[in-house]
Amino acid sequence: MGSSASKEDGSPSPDEDDKRSDSSSCAHYLDHLISIGVRLVVLDFDSTIIDVHTSGRWKESAKSLSKHVRPVFLALMKAVIEQKGLYLAIATQSPQTDLIRKVLKERLPFHHKEIVIKGEDRTWERVDGIPKGGKQQHIEAVKRELDEKCHVQFSSNEILLIDDDFINVGIALSYDFKAITFEKDESIEKILNLTRESAKINADK
Ligand SMILES: [Mg+2]
(Lines give C-alpha, C1' and ligand atoms only; values in the text may rest on other atoms or scores of the structure.)
Protein backbone atom coordinates (compact mmCIF):
# COMPACT_ATOMS: atom_id res chain seq x y z
CA MET A 1 0.00 0.00 0.00
CA GLY A 2 1.03 3.60 -0.27
CA SER A 3 3.69 4.94 2.05
CA SER A 4 3.03 7.99 4.16
CA ALA A 5 5.05 11.16 4.38
CA SER A 6 5.17 13.96 6.89
CA LYS A 7 4.02 17.35 5.75
CA GLU A 8 6.74 19.96 5.30
CA ASP A 9 5.63 21.77 8.44
CA GLY A 10 6.27 18.61 10.45
CA SER A 11 2.64 17.93 11.25
CA PRO A 12 1.52 14.36 10.65
CA SER A 13 -0.16 13.49 7.38
CA PRO A 14 -3.65 11.97 7.59
CA ASP A 15 -2.10 8.61 6.86
CA GLU A 16 0.27 8.92 9.81
CA ASP A 17 -2.74 9.93 11.84
CA ASP A 18 -4.29 6.63 10.75
CA LYS A 19 -1.21 4.73 11.87
CA ARG A 20 -1.55 6.18 15.34
CA SER A 21 -5.04 4.70 15.44
CA ASP A 22 -3.39 1.34 16.01
CA SER A 23 -3.90 -0.56 12.80
CA SER A 24 -1.04 -2.94 13.63
CA SER A 25 -2.70 -4.26 16.78
CA CYS A 26 -5.93 -4.38 14.81
CA ALA A 27 -4.23 -6.55 12.20
CA HIS A 28 -3.53 -9.06 14.95
CA TYR A 29 -7.23 -9.26 15.78
CA LEU A 30 -8.06 -9.82 12.14
CA ASP A 31 -6.53 -13.26 12.51
CA HIS A 32 -9.69 -14.23 14.30
CA LEU A 33 -11.92 -12.90 11.52
CA ILE A 34 -9.93 -14.85 8.97
CA SER A 35 -10.01 -17.99 11.13
CA ILE A 36 -13.82 -17.96 11.17
CA GLY A 37 -13.92 -17.56 7.40
CA VAL A 38 -14.69 -13.86 6.99
CA ARG A 39 -13.58 -12.47 3.60
CA LEU A 40 -15.81 -9.41 3.21
CA VAL A 41 -16.36 -6.86 6.00
CA VAL A 42 -19.37 -4.58 5.52
CA LEU A 43 -19.73 -1.55 7.78
CA ASP A 44 -22.67 0.74 8.42
CA PHE A 45 -21.80 4.46 8.29
CA ASP A 46 -24.11 6.61 10.47
CA SER A 47 -23.62 6.00 14.20
CA THR A 48 -21.17 3.20 13.42
CA ILE A 49 -18.10 4.40 11.50
CA ILE A 50 -18.96 7.94 12.63
CA ASP A 51 -20.17 8.96 16.09
CA VAL A 52 -23.11 11.02 14.78
CA HIS A 53 -26.16 10.28 12.63
CA THR A 54 -26.41 12.53 9.56
CA SER A 55 -29.89 11.33 8.56
CA GLY A 56 -28.55 11.65 5.02
CA ARG A 57 -28.71 15.44 5.24
CA TRP A 58 -25.23 16.59 6.27
CA LYS A 59 -24.87 20.25 5.25
CA GLU A 60 -21.33 20.96 6.47
CA SER A 61 -18.09 19.92 4.82
CA ALA A 62 -16.69 16.41 4.47
CA LYS A 63 -13.70 17.61 6.48
CA SER A 64 -15.89 18.53 9.43
CA LEU A 65 -17.69 15.17 9.24
CA SER A 66 -14.37 13.34 8.99
CA LYS A 67 -13.61 14.48 12.54
CA HIS A 68 -16.45 12.22 13.66
CA VAL A 69 -14.86 9.02 12.34
CA ARG A 70 -14.34 6.76 15.32
CA PRO A 71 -10.65 5.80 15.80
CA VAL A 72 -11.64 2.17 16.29
CA PHE A 73 -13.21 2.02 12.81
CA LEU A 74 -10.38 3.98 11.25
CA ALA A 75 -8.02 1.30 12.54
CA LEU A 76 -10.31 -1.54 11.52
CA MET A 77 -10.84 -0.19 7.98
CA LYS A 78 -7.13 0.30 7.43
CA ALA A 79 -6.25 -3.14 8.76
CA VAL A 80 -8.92 -4.86 6.65
CA ILE A 81 -7.77 -3.12 3.46
CA GLU A 82 -4.13 -3.97 4.15
CA GLN A 83 -4.97 -7.60 4.86
CA LYS A 84 -4.57 -9.69 1.75
CA GLY A 85 -7.73 -11.63 0.94
CA LEU A 86 -10.08 -9.37 2.90
CA TYR A 87 -12.42 -6.87 1.24
CA LEU A 88 -14.17 -3.84 2.74
CA ALA A 89 -17.48 -2.16 1.95
CA ILE A 90 -19.89 0.35 3.42
CA ALA A 91 -23.65 -0.25 3.30
CA THR A 92 -25.71 2.78 4.25
CA GLN A 93 -29.24 4.14 4.00
CA SER A 94 -27.74 7.57 3.33
CA PRO A 95 -28.00 8.98 -0.21
CA GLN A 96 -24.89 11.11 0.43
CA THR A 97 -22.37 8.59 -0.93
CA ASP A 98 -20.21 11.32 -2.51
CA LEU A 99 -19.89 12.90 0.93
CA ILE A 100 -19.00 9.54 2.48
CA ARG A 101 -16.33 9.00 -0.19
CA LYS A 102 -14.85 12.42 0.62
CA VAL A 103 -14.87 11.65 4.35
CA LEU A 104 -12.98 8.42 3.68
CA LYS A 105 -10.54 10.27 1.42
CA GLU A 106 -9.84 12.71 4.27
CA ARG A 107 -9.04 9.97 6.76
CA LEU A 108 -7.72 7.17 4.52
CA PRO A 109 -6.08 9.03 1.65
CA PHE A 110 -4.15 6.00 0.41
CA HIS A 111 -6.86 3.43 0.95
CA HIS A 112 -10.28 4.94 0.28
CA LYS A 113 -10.52 3.81 -3.33
CA GLU A 114 -10.53 0.20 -2.21
CA ILE A 115 -13.75 0.61 -0.24
CA VAL A 116 -17.00 -0.21 -2.06
CA ILE A 117 -19.83 2.11 -0.98
CA LYS A 118 -23.51 1.29 -1.52
CA GLY A 119 -26.07 3.82 -0.32
CA GLU A 120 -29.44 5.18 -1.38
CA ASP A 121 -28.00 7.17 -4.29
CA ARG A 122 -29.97 5.39 -7.05
CA THR A 123 -26.82 4.20 -8.81
CA TRP A 124 -27.58 0.48 -8.48
CA GLU A 125 -30.51 -1.83 -9.12
CA ARG A 126 -32.44 -3.85 -6.57
CA VAL A 127 -32.36 -7.60 -7.24
CA ASP A 128 -35.41 -9.89 -7.17
CA GLY A 129 -35.17 -12.68 -4.64
CA ILE A 130 -33.03 -10.70 -2.19
CA PRO A 131 -34.77 -9.45 0.97
CA LYS A 132 -35.74 -5.78 0.84
CA GLY A 133 -35.16 -5.28 4.58
CA GLY A 134 -31.95 -4.42 6.37
CA LYS A 135 -28.76 -4.11 4.32
CA GLN A 136 -29.31 -7.24 2.24
CA GLN A 137 -29.84 -5.42 -1.07
CA HIS A 138 -26.84 -3.17 -0.42
CA ILE A 139 -24.65 -6.17 0.31
CA GLU A 140 -25.86 -7.89 -2.86
CA ALA A 141 -24.86 -4.77 -4.82
CA VAL A 142 -21.43 -4.84 -3.12
CA LYS A 143 -21.03 -8.49 -4.15
CA ARG A 144 -21.94 -7.69 -7.76
CA GLU A 145 -19.44 -4.83 -7.92
CA LEU A 146 -16.60 -6.93 -6.45
CA ASP A 147 -17.43 -9.77 -8.83
CA GLU A 148 -17.29 -7.40 -11.82
CA LYS A 149 -14.15 -5.51 -10.74
CA CYS A 150 -12.12 -8.12 -8.89
CA HIS A 151 -13.70 -11.41 -10.03
CA VAL A 152 -14.30 -12.53 -6.46
CA GLN A 153 -17.43 -14.16 -5.08
CA PHE A 154 -18.59 -14.53 -1.50
CA SER A 155 -20.98 -16.89 0.21
CA SER A 156 -23.22 -15.52 2.97
CA ASN A 157 -21.17 -16.91 5.82
CA GLU A 158 -18.01 -15.23 4.51
CA ILE A 159 -19.59 -11.80 4.97
CA LEU A 160 -19.53 -9.89 8.27
CA LEU A 161 -21.87 -6.93 8.79
CA ILE A 162 -21.14 -4.50 11.63
CA ASP A 163 -24.06 -2.12 12.20
CA ASP A 164 -25.49 -0.18 15.15
CA ASP A 165 -29.02 -1.16 14.05
CA PHE A 166 -29.88 -4.51 15.64
CA ILE A 167 -32.72 -5.02 13.14
CA ASN A 168 -30.27 -4.94 10.23
CA VAL A 169 -28.03 -7.32 12.18
CA GLY A 170 -30.92 -9.68 12.93
CA ILE A 171 -31.94 -9.82 9.29
CA ALA A 172 -28.36 -10.52 8.20
CA LEU A 173 -28.01 -13.31 10.80
CA SER A 174 -31.28 -14.85 9.66
CA TYR A 175 -29.82 -15.21 6.16
CA ASP A 176 -26.65 -16.89 7.48
CA PHE A 177 -24.41 -13.84 7.32
CA LYS A 178 -22.11 -13.11 10.21
CA ALA A 179 -23.24 -9.90 11.87
CA ILE A 180 -22.73 -7.95 15.06
CA THR A 181 -24.46 -4.97 16.61
CA PHE A 182 -22.05 -2.15 17.35
CA GLU A 183 -22.71 -0.19 20.51
CA LYS A 184 -20.97 3.11 20.99
CA ASP A 185 -17.54 3.25 22.59
CA GLU A 186 -16.81 -0.43 22.06
CA SER A 187 -13.17 -1.34 21.61
CA ILE A 188 -11.78 -3.32 18.72
CA GLU A 189 -11.34 -6.28 21.09
CA LYS A 190 -15.00 -6.12 22.06
CA ILE A 191 -16.15 -5.83 18.45
CA LEU A 192 -14.10 -8.75 17.26
CA ASN A 193 -14.88 -10.84 20.33
CA LEU A 194 -18.50 -10.37 19.45
CA THR A 195 -17.77 -11.98 16.12
CA ARG A 196 -16.84 -15.09 18.11
CA GLU A 197 -20.35 -15.10 19.55
CA SER A 198 -21.84 -14.51 16.13
CA ALA A 199 -19.82 -17.39 14.74
CA LYS A 200 -20.96 -19.55 17.63
CA ILE A 201 -24.60 -18.64 17.01
CA ASN A 202 -24.21 -19.65 13.36
CA ALA A 203 -22.42 -22.88 14.30
CA ASP A 204 -25.18 -23.77 16.79
CA LYS A 205 -27.93 -23.43 14.19
MG1 LIG B 1 -26.28 3.31 11.64
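Two strands count as paired if DSSP finds at least two bridges between them. Helices (H or I, at least four residues) and strands (E, at least two) are DSSP runs, numbered from the N terminus. With that in hand, welcome to the structure above.

This is a predicted model: local features need pLDDT of at least 70, side-chain atom pairs count only at pLDDT 80 or more, and totals for chains, interfaces and linings use all residues. Residue numbers start from 1 along each chain, following the sequence as written.

**The sheet**

A good place to begin is the open sheet, whose 5 strands run in the order S3-S2-S1-S4-S5 with parallel pairing. Strand S3 (115-118) and strand S5 (178-181) are the edge strands, each pairing on one side only. From one strand to the next, the twist averages 20°; axes here are lines fitted to C-alpha atoms, for helices over the stretch in contact, and angles run from 0 to 180 degrees between N-to-C directions.

Look now at strand S4 (residues 159-163), which pairs with S5 in the parallel sense over 4 bridges. Leucine 161 has alanine 179 in S5 as its bridge partner.

**Helix H8**

Helix H8 (residues 166-174) packs on the sheet and touches S4 and S5, its direction making about 160° with that of S5. Contact means that the C-beta atoms of two residues, placed from the backbone, lie within 7 Å. Buried residues in H8 include Asn168, Val169 and Ile171, along with Ala172 and Leu173. A residue is buried if 20 or more other C-beta atoms lie within 10 Å of its own, exposed if 12 or fewer, and partly exposed in between, again with C-beta atoms placed from the backbone. After H8 comes aspartate 176, whose phi is positive, near 70°.

**Three residues to find**

Most residues other than glycine have a negative phi. Serine 47, however, has a positive phi near 65°, and serine 55 has a positive one near 55°. The table places both serines, together with phenylalanine 110.

| Residue | Place | C-beta neighbours inside 10 Å | Class |
|---|---|---|---|
| Serine 47 | helix H3 (residues 45-49) | 18 | partly exposed |
| Serine 55 | loop between H3 and helix H4 (62-66) | 10 | exposed |
| Phenylalanine 110 | loop between helix H6 (97-107) and S3 | 18 | partly exposed |

Why does phenylalanine 110 count as partly exposed? Because phenylalanine 110 has 18 C-beta neighbours inside 10 Å. Its C-alpha atom is separated by 9.5 Å from that of lysine 78, a residue 32 residues apart from phenylalanine 110 along the chain.
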